[in-house]
Amino acid sequence: METLFFSIVAAVAILMSILVIRCKNPINSALSLIMTFFCLATLYVMLEAPFMAAIQVIVYAGAIMVLIVFVIMLLNIRTESGRRTQHALFLGAATGLFLLFQTWYLLSRSSLTGTKGPIDSAALARFGHTELIGQSLFTEFLLPFEITSILLLVAIVGAVVLAKKKL
Amino acid sequence: MEIMGLPLIYYGAMILKVLLAFVFVLLTVAYATYAERKIIGHMQVRIGPNRTGPMGLLQPIADGIKLFFKEEIIPAQASKFAFVLAPLVALIPAFISFAVIPFGDTFEIAGYKVPLQIAAYADQAGKVFDLNIGVLYILAMASLGVYGIVLAGWSSNSKYSLLGGLRASAQMISYELAAGLAIVCVFMVSESLSLQQIVSDQGGLFGWYIFRTPFTFVAGIIFFICSLAEINRTPFDLPEAETELVSGFCTEYSSMKYAMFFMAEYANMVTVCAVTTTLFLGGWHGPLPPVLNFIAKVYILMFVCMWVRATYPRYRYDQLMKLGWKVFLPTTLFLIVGNAFWITLFQK
């Protein structure tokens, strides 16, 4: 049952990600990307990570994609007839082959060690996913967490300075 | 008999709960339109609809039939796929938020305990499990509501629709932040994201989160106002400001598609009132039987929405943005800090 559900979600995810790059219309591409995020959120739920799933929908589908759609609307980009040159085709094919090779290399060289961390399904059920994430963010990964927030702050200040020359 | 480790009655109860909640929301939506016209009518010393049926009570049904039989027009230059998709995208998030809202206490049928919340079940020992990120789920669905409007605005290929859609997306992103931050005050008191737990923690009048600390009181009010802005109710209904934008994002829509936007607006109103009730006003706790308490609170809040609509003029666009970013956002941030101090000083 779960495998069947997983295959359906995975198939939709792959189909939608293909549509993201194949759609002529930028808004339809964006819609397909949103669908892909939804499928990813579903996969997170299946991996017993409901918090990640909710954040995936809130941040990616709810905020970032709204901004992308907003920009597409603001610039009023209509269907573009894509120019497909020989160079572009060749470069695309080369990159694709390289990525395929890389994936194959990674999959064939690495092996699953079977080491288990302290957090398993029982721990998730006892403490809850959100609590566990909060705990590790504020103890083990406190420094990266704070640095990330400072980075974001810098980005915000930078955006304001760039957008408003006269403050 | 068991499916995936859960008894069959669990699935039966689930379907029943879905039907119950769905019918409740649909009926409320239909009669909210009537109530709104009547209430605003009385507030403005008019009578309101009174021709169809006794006291105009059949008016929503007549409106529905009328809209259903109207001609369906899709503009020639519209982007068809997105144009057809938009009303659905607007309507669905409004309804599915109800999946996590507890609308009543747990009750027993044939030895099984059934919690009155769609996405919840009780195990053999009677312990109730629900989605332990219920609040985040509601936030996620609220953030999706914007797509219906944005898509409608873009796909219609009309300047009024486009402007309406642009305004809607900017407005919703701004107010989502303040609404989300206002909810953080609730988390700090409840120490849980599960709505089941949040409601069961609010027994008694002064157990309601809105009366728990002075900061949650302000947070509750800000959350309700931000929610009004998020669902484009007056005084924040700029995306469909008829004096400037004809009818905003739904200018080009007709027939059932227009009706779906209309339904989405009212369904959003029901959802927002239900969420506010659950998070701040004690959910189903109160003097009446649990389900009736919940419904009464939701209806009172909906009355407040209509009252606001009859009373306040529309905000100007720059005022709206100033209110969101320069008033509500700093205030909610201050509330979070203040609430943290209050809880550690007085309630630990």
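## Two halves of chain A

Two residues are in contact here if their C-beta atoms, placed from the backbone, lie within 7 Å. Keep that in mind while looking at this predicted model, starting with chain A. The domain assignment splits chain A into domain 1, residues 1-79, and domain 2, residues 121-167. Their C-alpha centres sit 23 Å apart.

How many residues of domain 1 of chain A are in contact with domain 2 of chain A? Four are, and they meet five residues of domain 2. On the domain 1 side, three of the touching residues are nonpolar, one is charged and none is polar.

## Chain A overall

Chain A has seven helices and zero strands, so reading from the N terminus you just get α-α-α-α-α-α-α. Its radius of gyration comes out at 21 Å, well over the 15 Å that the globule rule gives for 167 residues, so chain A is more spread out than a compact globule. The C-alpha atoms of chain A fill a box of roughly 55 × 50 × 30 Å along the principal axes.

As for burial, 15% of the 167 residues in chain A count as buried. Take the contacts in chain A with a separation of 6 or more: 50% of them are between residues 24 or more positions apart.

## Chain B overall

Now for chain B, which has eleven helices and six strands. With a radius of gyration of 21 Å, close to the 20 Å from the globule rule for 348 residues, chain B is as compact as a globular protein of that length. Measured out along the principal axes, its C-alpha atoms take up a box of roughly 60 × 50 × 45 Å.

Buried residues account for 49% of the 348 in chain B. Among its contacts between residues at least 6 apart in sequence, 73% join residues at least 24 apart.

## Where the chains meet

Between the chains, 22 residues of chain B are in contact with 19 residues of chain A. On the chain B side, helix 3, helix 4 and helix 5 (159-190) each give two or more residues. Which of these gives the largest share? That would be helix 4 of chain B, with nine residues. The chain B side divides into 17 nonpolar residues and five polar ones, with no charged residues.

## A bent helix in chain B

Helix 3 of chain B covers residues 80-96, so to speak a run of 17 residues. From first C-alpha to last, helix 3 reaches 25 Å, close to the 24 Å expected at 1.5 Å a residue. There is a bend of about 30° at Ala86(B), and a proline, Pro87(B), follows within four residues.

Ala86(B) and Pro87(B) are both buried, and the buried residues of helix 3 also include Phe83(B), Leu91(B) and Phe95(B). What covers the buried residues of this helix? The cover includes helix 2 (26-46) of chain A, along with helix 1 (8-43), helix 4 (134-155) and helix 9 (255-280) of chain B.

## An odd backbone angle

Most residues other than glycine have a negative phi. Val45(B) has a positive phi of about 55° although it is not a glycine. This valine is found in the loop between helix 1 and helix 2 (59-68) of chain B. Is Val45(B) buried or exposed? Val45(B) counts as exposed, because it has 6 C-beta neighbours inside 10 Å, and 12 or fewer is the cut-off for that label.

Conventions:
Residues numbered from 1 in each chain as written. Chains lettered and ligands numbered in written order. Predicted model: local features only at pLDDT ≥ 70, side-chain atom pairs only at ≥ 80, totals over all residues. Expected span 1.5 Å × (residues − 1). Bend = angle between axes of the 7 residues up to and from the residue. Buried ≥ 20, exposed ≤ 12 C-beta atoms within 10 Å, placed from the backbone. Domains from an automatic or database assignment. Nonpolar A, V, L, I, M, F, W, Y, C, P; charged D, E, K, R; others polar. Rg over C-alpha atoms; globule rule 2.2 N^0.38 Å.
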